[in-house]
Amino acid sequence: MKIGKVPPELLKKAVYPFLGINRKEVLVHSGFGEDCSVIDFGEYVAVASSDPITGADRNSGYLSVLVCCNDIAACGAEPLGILVTLLLPPDSGEDTLKALMESIHSAAGKIGIEVLGGHSEITPAVTKPVISSTAIGIARKDEYVTSSGARPGDDVIVTKALGLEGSAVLASDFEDVLKGSIPVELLKKAQGFIEKISVIQDGLTAAAAGVSAMHDITEGGLLGACYELAEASGVGVEIYGDKLPVLPETRSICGFFGINPLGLISSGSMLICAPDGQRVINALEKKSIPATMVGKITSGNHKIIILDGTRSPLNPPERDELYRAIEIGKQLQIK
């Protein structure tokens, strides 16, 4: 298998048939495109999601908190806390463990959640720190949102800008490689994107304004998120490529590595489907959250991106562009 997320066809054969027994308390079960499970607790529901951090070196503790809590926010739920598993290689020192936990603590404090527990272990099974976080959130039973609710006619919205996480990771982990070709001030701006990674306010604000479906744009970037949401909802989608928000810093970094920003991990940006997209955009902008109308949900199962007047199939990348950039960056560091 290739590095990156397990592809949809393999998930359907090797994962989804083996999920135990469906419990009646579970309202949203595991499925392609759904990042969270939703569990019935009467008037309220518990929302749970789990994510690892494997691509980033710097800021990995901080990111581990935000990426899993972003999934909770994509359900219109408020994150309450996380459970963290830390796997460290045998040559790790106490300073490594402490630094990771300080970073996790900083992110948790920023978004107002608690580290509920977890597990820490030194193991030869890993060659660098691996962090896996499980987030728990809460929502009213009649207010949670899924990735499978998009309907034909819905407007498609993207918040902030694409590629924020990928840009921050590459600008931080490969600063030495990039600084000869990209201005230092631009790199510093890209490194600062780490402060824009949370979409908790995006999700809660949009859900209150009235949405059909939401999906955090993570591994696979916009292309992966659109494909997953459309598949989960059983609909088609048209994306207007010239409307997609990509910042100059991201374009420069992607240009250096020769990667596509639309396939780059994009935590910090929420994909939203709504019957009245302008209403949602207005609500987001009142919270100083930039938002852009970028497409429409269609009937059938055609997934299209329109770029420079050309209609092309919208397919998820085989792996996130971040991994390709990391490979290139490491080769350049060796040189």
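These legends go with a set of close-up views of a predicted model.

**View 1. The largest pocket and what lines it.**
Start with the open space: the largest pocket holds about 1200 Å³. Its lining runs to 48 residues, and the ones nearest the centre are Gly4, Lys5, Val6, Glu219 and Glu228. Split by class, that lining comes out as 22 nonpolar, 13 polar and 13 charged residues. Helix 1 (8-14), helix 2 (60-73), helix 4 (164-173), helix 8 (221-233), helix 11 (321-334) and strand 3 (44-53) each put at least two residues into the lining. The largest share belongs to strand 3, with six residues.

**View 2. The largest cavity.**
Now for closed-off space: searching the whole structure turns up two cavities of 30 Å³ or more. The largest cavity has about 60 Å³ in it. Its lining draws on several stretches of the chain, with Glu34, Asp35, Cys36, Asp71, Ala74, Cys75, Val145, Thr146, Ser147, Met214, His215 and Asp216 taking part. Strand 8 (residues 213-216) is the top contributor, giving three residues. As for chemistry, you get five nonpolar, three polar and four charged residues around this cavity.

**View 3. The second largest cavity.**
What kind of residues line the second largest cavity? The tally is eight nonpolar, no polar and no charged. Those residues are Val156, Cys226, Leu229, Ala230, Val237, Leu271, Cys273 and Ile297, and the space they line is about 30 Å³. Helix 8 and strand 10 (270-274) each bring at least two residues to this lining, with helix 8 giving the most, at three.

**View 4. Two leucines, two settings.**
Leucine 80 sits in strand 4 (residues 78-88). Its relative accessible area is 43%, so leucine 80 counts as partly exposed. Together with Tyr44 and Ile138, Leu80 makes a nonpolar surface patch of about 240 Å². Leucine 284, in helix 10 (residues 277-286), is buried, because its relative accessible area is 0%. For a sense of scale, leucine 284 and glycine 61 are 28 Å apart in space, C-alpha to C-alpha, and 223 residues apart in sequence.

**View 5. The Asp40 and Lys141 salt bridge.**
The structure has 13 salt bridges. In the one shown here, aspartate 40 pairs with lysine 141, and their closest N and O atoms are 2.9 Å apart. This pair links distant parts of the chain, 101 residues apart: aspartate 40 is in strand 2 (residues 37-41), while lysine 141 is in the loop between strand 6 (130-140) and strand 7 (155-159). Both ends get some exposure: aspartate 40 is partly exposed at 25% relative accessible area, and lysine 141 is partly exposed at 36%.

**View 6. The Lys160 and Asp202 salt bridge.**
Lysine 160 and aspartate 202 form a salt bridge with 3.0 Å between the closest N and O atoms. Lysine 160 lies in the loop between strand 7 and helix 4, and aspartate 202 lies in helix 7 (residues 200-209), so the bridge ties together parts 42 residues apart in sequence. Lysine 160 is buried, with 18% relative accessible area, and aspartate 202 is buried too, at 2%.

**View 7. The Arg311 and Glu238 salt bridge, plus a network.**
Arginine 311 bridges to glutamate 238, with the closest N and O atoms 2.9 Å apart. Since arginine 311 is in strand 13 (residues 310-313) and glutamate 238 in strand 9 (residues 236-240), the pair ties together parts 73 residues apart in sequence. Glutamate 238 is buried, at 19% relative accessible area. Elsewhere, Arg23, Lys24 and Glu25 are joined into one network by salt bridges that share partners.

Definitions and conventions
Residues are numbered from 1 along each chain as its sequence is written. This is a predicted model: local features need pLDDT of at least 70, side-chain atom pairs count only at pLDDT 80 or more; totals for chains, interfaces and linings use all residues. Side-chain values use heavy atoms; hydrogens and water are left out. On a 1 Å grid over the protein atoms alone, a cavity is a set of points where a 1.4 Å probe fits but cannot get out, and a pocket is an open set with protein on both sides within 12 Å along at least five of seven lines; lining residues have an atom within 4 Å of a point. Grid points are joined across faces, edges and corners, and a volume is the space filled by probe spheres set on the points. Helices (H or I, at least four residues) and strands (E, at least two) are DSSP runs, numbered from the N terminus. Ala, Val, Leu, Ile, Met, Phe, Trp, Tyr, Cys and Pro count as nonpolar, Asp, Glu, Lys and Arg as charged, and the others, Gly among them, as polar. Patches are made of residues with over 30% relative accessible area and no salt bridge: like charges are joined within 9 Å, nonpolar side chains (Val, Leu, Ile, Met, Phe, Trp, Tyr) within 5 Å. Accessible areas come from the Shrake-Rupley method with a 1.4 Å probe; for residues, only the protein chains shown count as cover. A salt bridge is a side-chain nitrogen of Lys or Arg within 4 Å of a carboxyl oxygen of Asp or Glu. Buried means under 20% relative accessible area, exposed over 50%, partly exposed in between (1.4 Å probe, protein chains only).
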